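Got the viewer open? Let's take a walk through this one, stop by stop, and see what turns up at each selection.

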Amino acid sequence: MVQIKQVGVIGAGQMGTGIAHVCALGGYDVLLHDVSAERLDAGLEIIKRNLSRQVVRGLIDQAAMDQALGRIKPAAELQAVGKTDLAIEAATEDEELKKTIFKALQPHLSDKTLLASNTSSISITRLASATDRPERFIGLHFMNPAPLMKLVEIIRGIATDAPTYEAAVAFAQSLGKTTANSEDFPAFIVNRILVPMINEAIYTLYEGVGTVEAIDTAMHLGANHPMGPLELGDFIGLDTVLSIMNVLYEGLSDSKYRPCPLLVKYVEAGWLGRKTGRGFYDYRGETPVPTR
């Protein structure tokens, strides 16, 4: 089985920074890459801020934080990631973008490098086909936020070999995560169940069955969910919710996965949730306020 010591993370957004954070705390040397120097700098600051919060909450001590920060290095050029033992792509949920990244990375890969995608819905088999090593390619779907959520979905493509799978499981478990195996079907397990629920909540709003506040309160208190589905959609990012619904709708050809027109409208407006300041709630004031 491949010995993983250094991990490359491609993408310094919400998921990439979370994965880099977890890997560094787990004792791995991390190279964090993003095409935007500004996003890379911002991502490193986010990691530092989130580690500080863990110190304040008593989840880790200052020494662990300092050691983790010392393990993370920015990588301005994508080719640097190719020399790591495991390269994890954590870019936007767009199949062509992900394939472009893997194709650009391929000439710089060492013979031993394993490839993984953090995709939450896209076929691992199709992504692997864009590389020269589909047998050494696997899905590692970390949940958001990665430092707090315990689950990692493991998705094997049709060509993924046993040593790659075993290395991926051992790696995730070394981070203190619990793994769940999913077959390579659209949206896997978690998002196959979760995202259609969010989409149905948006239909419930669209059809006037309830207000934003009523729908979220009903599911929070009536189903004991930690947050309502509309608030959760804002947290995930409504563009990501729409992307996953499109993958389900196109991949399974079932009308029950049709994205709600109101979801499409919000994404077209650029109201993507917390990351843009507005979604089903407006986050620009001291307290979030429903937008409908």
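Before the first stop, a word on contact: it means heavy atoms within 4.5 Å. You are looking at a predicted model, where local features need pLDDT of at least 70 and side-chain atom pairs count only at pLDDT 80 or more, while totals for chains, interfaces and linings use all residues. Residues are numbered from 1 along each chain as its sequence is written, and side-chain values use heavy atoms, leaving out hydrogens and water.

**Stop 1: the cores**

Select F171. Setting aside neighbours within four places in sequence, F171 touches I4, V7, C23, Y28, L86, I88, L140 and F142. Now add L140 and F142: together with F171, they have the most contacts inside the largest nonpolar core, which has 38 residues. Such a core is a set of buried Ala, Val, Leu, Ile, Met, Phe, Trp, Tyr and Cys residues joined through side-chain atoms within 4.5 Å. "Buried" here is under 20% relative accessible area, "exposed" is over 50%, and "partly exposed" is in between (1.4 Å probe, protein chains only). Another core lies apart from that one, with 26 residues, including I202, V212, L232 and L238. In soluble globular proteins, nonpolar side chains tend to be buried together.

**Stop 2: two cysteines**

Click on C23 again, then on C260. C23 is buried at 0% relative accessible area, and C260 is buried at 0% too. How many disulfides does the structure hold? Zero, counting a disulfide as a pair of cysteine sulfur atoms within 2.5 Å.

**Stop 3: helix α9**

Next, select residues 229-236, which make up helix α9. Helices (H or I, at least four residues) and strands (E, at least two) are DSSP runs, numbered from the N terminus. Why is α9 largely enclosed by the rest of the structure? Because six of its eight residues are buried. Those are P229, L230, L232, G233, D234 and I236. Show what surrounds them: the buried residues of α9 pack against α1 (14-25), α7 (190-206), α8 (212-222), α10 (238-252) and β9 (281-282). Just past the helix, look at G237, which takes a positive phi of about 115°.

**Stop 4: salt bridges**

The whole structure has 10 salt bridges, each being a side-chain nitrogen of Lys or Arg within 4 Å of a carboxyl oxygen of Asp or Glu. Try K98, which is buried at 1% relative accessible area. K98 meets E89 in a salt bridge at 2.5 Å, N to O, and E93 in another, with the closest N and O atoms 3.7 Å apart. That links E89, E93 and K98 in a network. E89 is buried, and E93 is as well, at 13%. Then move to D34 and R39, whose closest N and O atoms are 3.1 Å apart in a salt bridge. D34 is buried at 7%, whereas R39 is partly exposed at 43%.

**Stop 5: out on the surface**

Turn on the surface and select L59, L148 and M149, a nonpolar patch with about 270 Å² of accessible area together. Patches take residues with over 30% relative accessible area and no salt bridge, joining like charges within 9 Å and nonpolar side chains (Val, Leu, Ile, Met, Phe, Trp, Tyr) within 5 Å. Areas come from the Shrake-Rupley method with a 1.4 Å probe, and for residues only the protein chains shown count as cover. L148 sits in the loop between β6 (137-142) and β7 (151-156) and is partly exposed at 45%.

Last, pick I158, in the loop between β7 and α6 (162-174). I158 is exposed, at 75% relative accessibility. Draw a C-alpha to C-alpha distance from I158 to E183: they are 9.4 Å apart in space and 25 residues apart in sequence.
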